[in-house]
Amino acid sequence: GEGKDVLAGVDAALAKYPWLDANRLGIEGGSYGGQLTDWLITQTPRFKAAVPAAGIANLVSFNYMSYYHDYLAVEFGVLPHEQWKPNDKTAPRRLADFLWERSALRYVANVKTPVMFVHGENDNDVPIAEAEQYFIALKDAGVETIMVRYPREGHGVRETKHQVDVIDRSIAWYEKHFHSGSAPSQQERR
């Protein structure tokens with residue numbers, strides 16, 4: 001549902017502000033925002049570039065690699081291999097099947113958006129393998145993608161030189177994919 005909310009918000013902003021360019025939209029987020037970015041690029045090609053940071057791409061693998069592997073058991077009341085019944089109107093099913101249906105990695109063939117992954121190598125909250133597997137899958141699917149790994153960083157980029165690097169790389173990524181001849185170059189904006 002959150003993905004639909006974000007897209008409704010984008011549509012509302014585009015309708016309200018005529019100066020926004022629907023042909024030059026990017027999407028970016030960290031942690032859950034990275035997970036939502038991973039998901040939204042599987043649902044629509046409207047974003048011309050994406051920069052997910054520390055996002056979960058596969059809810060099943062995340063459960064077994066995460067420092068907080070009991071998170072899903074707390075959230076759903078069962079482990080992924082167990083039967084789960086979301087409500088009285090549905091039949092029980094394995095939680096892992098539900099998680100896979102909600103994982104961006106499952107829909108990688110739908111992605112058309114160029115993606116720049118950002119992840120700390122020491123992330124205990126969302127293991128870097130989440131970005132690695134999505135990165136490899138996008139490469140296999142023929143989607144332009146790069147992965148930027150930051151040494152010594154955990155769940156978020158904290159070192160000043162790394163923060164500057166993320167900003168510089170993100171701006172360059174967007175400029176590369178937004179270029180339409182009408183946007184000012186970085187030099188013209190200074």
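**Close-up 1. Around I41 in the predicted model.** This is a predicted model, and the view starts with I41 and what touches it. Setting aside its neighbours within four places in sequence, I41 is in contact with I27, A50, N110, V111, T113, V115 and Y134. I41 also turns up, along with F117, Y134 and L138, among the residues with the most contacts inside the largest nonpolar core.

**Close-up 2. The largest nonpolar core.** Here we pull back to the core that I41 belongs to, which has 24 residues. At least two residues of this core come from each of α1 (2-16), β1 (25-30), α2 (32-43), β2 (47-53), β5 and α6 (129-140). The largest share is that of α6, with 4 residues. In soluble globular proteins, nonpolar side chains tend to be buried together.

**Close-up 3. A second core.** There's another core, separate from the one above, and this one has 12 residues. Among them are V60, W84, A96 and L99.

**Close-up 4. T113 and its surroundings.** Look for T113 in the loop between α5 (95-101) and β5 (115-120). Is T113 buried or exposed? T113 counts as buried, because its relative accessibility is 1%. A polar atom of the T113 side chain lies 3.0 Å from the backbone oxygen of F47. Leaving aside neighbours within four places in sequence, the contacts of T113 include I41, T44, P45, K48, A49 and A50, as well as V143 and E144.

**Close-up 5. The four-stranded sheet.** In what order do the strands of this open sheet come? The order is β1-β2-β5-β6, and the pairing is parallel. At the edges stand β1 and β6 (145-150), each with a single partner strand, so one side of each has no neighbour in the sheet. On average, neighbouring strands here are turned by 10° against each other, direction ignored.

**Close-up 6. Where β5 meets β6.** Zooming in on one pair of strands, we find β5 and β6 running parallel and joined by 6 bridges. One residue to pick out is V115, whose bridge partner in β6 is T145. V115 is also one of the residues in contact with I41.

**Close-up 7. Helices against the sheet.** Two helices are worth a look here. Helix α2 lies across β1, β2 and β5, and runs at about 140° to β1. Helix α7 (residues 160-178) packs on the sheet and touches β1, β2, β5 and β6. The direction of α7 makes about 160° with that of β2.

Methods. Residues numbered from 1 in each chain as written. Predicted model: local features only at pLDDT ≥ 70, side-chain atom pairs only at ≥ 80, totals over all residues. Heavy atoms only, no water. Buried < 20%, exposed > 50% of the residue type's maximum accessible area, 1.4 Å probe, protein only. Polar contact = N/O pair within 3.5 Å; in protein donor to acceptor, adjacent residues only side chain to side chain. Contact = heavy atoms within 4.5 Å. Core = buried A, V, L, I, M, F, W, Y, C linked by side-chain atoms within 4.5 Å. Pairing = 2+ DSSP bridges. Axes fitted to C-alpha atoms, helices over the stretch in contact; angles between N-to-C directions.
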